[in-house]
Amino acid sequence: MTAGNPLRDGPQPRQRSPPALHPAVVPAYPPPESDADESWVWSQIKAEARRDADAEPALASFLYATVLSHSSLDRSLAFHLANKLCSSTLLSTLLYDLFVASLAAHPTLRAAVVADLHAARSRAPACVGFSHCLLNYKGFLAIQAQRVAHVLWAQDRRALALALQSRVAEVFAVDIHPAAAIGKGLLLDHATGVVIGETAVIGDNVSILHHVTLGGTGKAVGDRHPKIGDGVLIGAGATILGNVRIGAGAKIGAGSLVLIDVPPRTTAVGNPARLLGGKKGDDMPGESMDHTSFIQQWSDYSI
């Protein structure tokens, strides 16, 4: 890159410790006490973006426009979401203003953004950096858009909330009703085909893989969707139907059909699902991503 390029000569990210590194060097993954530090995460994203712009000139303009030209994580996210979700009749400038205003007015949304970034970085082996998640993980982007739609729903701006839901479904193939209540630290891994219904509730530090449905059982109205506890892991293709409760630390095996409550720290597997014994200890499958520890209780299949 030539001298004077804003990617190289622009303001450098502040580092607390150690002192500021060369822009092309990305510091190591943060210690646990930094998990909620938005400024730390933002500095890592900018460092990663500078490194990638240096290494791949074809992406330099994109990285500058989406990351390096912005003063904060929330403005970068708002810009990226607005450009992803805009259409010929839903303008990017309108969406940008909407996302910026919502994130500025609700600190809990910004905290959830940071927690979701950490979730992807620590649980998804293919996630090579915070900027990779911010820019390329459609599950992460779909969750952030839904959080803003949830705010709109609560403000009785339901037409706009539903329009945003529709655009997210079209662009990301992820359909989450704006009324659904979602905790922080959520990972939608791969994300394609995820459907989450109107009265669903999802706790903190939950991991959900692709083609998962949290749905109802028919035409009944009212409270009709699953309630997912903290630290739950839901495997690919699993379907959970009705107003059932999945206890904290439970595990739903891939391809399972769950129609009943699942106690905490219990595995549900099969179609229809049957319950396997509870697991003691501090391990939370939603964070450890342990998909197979139950297998010997369910089958003689060897891995």
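User: In which strand does Leu 275 lie, and is Leu 275 buried or exposed, or something in between?

Analyst: Helices (H or I, at least four residues) and strands (E, at least two) are DSSP runs, numbered from the N terminus, and in this predicted model Leu 275 is placed in strand S15, residues 273-276. Buried means under 20% relative accessible area, exposed over 50%, and partly exposed in between, with a 1.4 Å probe and protein chains only; Leu 275 counts as partly exposed because its relative accessibility is 35%.

User: Which residues form a nonpolar patch with Leu 275?

Analyst: Leu 259 and Ile 260 join Leu 275 in a nonpolar surface patch, which together has about 250 Å² of accessible area. Patches are made of residues with over 30% relative accessible area and no salt bridge (a side-chain nitrogen of Lys or Arg within 4 Å of a carboxyl oxygen of Asp or Glu), with like charges joined within 9 Å and nonpolar side chains (Val, Leu, Ile, Met, Phe, Trp, Tyr) within 5 Å. Accessible areas come from the Shrake-Rupley method with a 1.4 Å probe, and for residues only the protein chains shown count as cover.

User: What does Val 171 touch, beyond residues up to four places away in sequence?

Analyst: Contact means heavy atoms within 4.5 Å, and Val 171, which lies in helix H9 (residues 158-172), touches Lys 84 and Leu 85 on that count. The C-alpha atoms of Val 171 and Lys 84 are separated by 7.5 Å, although the two residues are 87 residues apart along the chain.

User: What should I keep in mind about numbering and confidence?

Analyst: Residues are numbered from 1 along each chain as its sequence is written, and side-chain values use heavy atoms, with hydrogens and water left out. Because this is a predicted model, local features need pLDDT of at least 70 and side-chain atom pairs count only at pLDDT 80 or more, whereas totals for chains, interfaces and linings use all residues.
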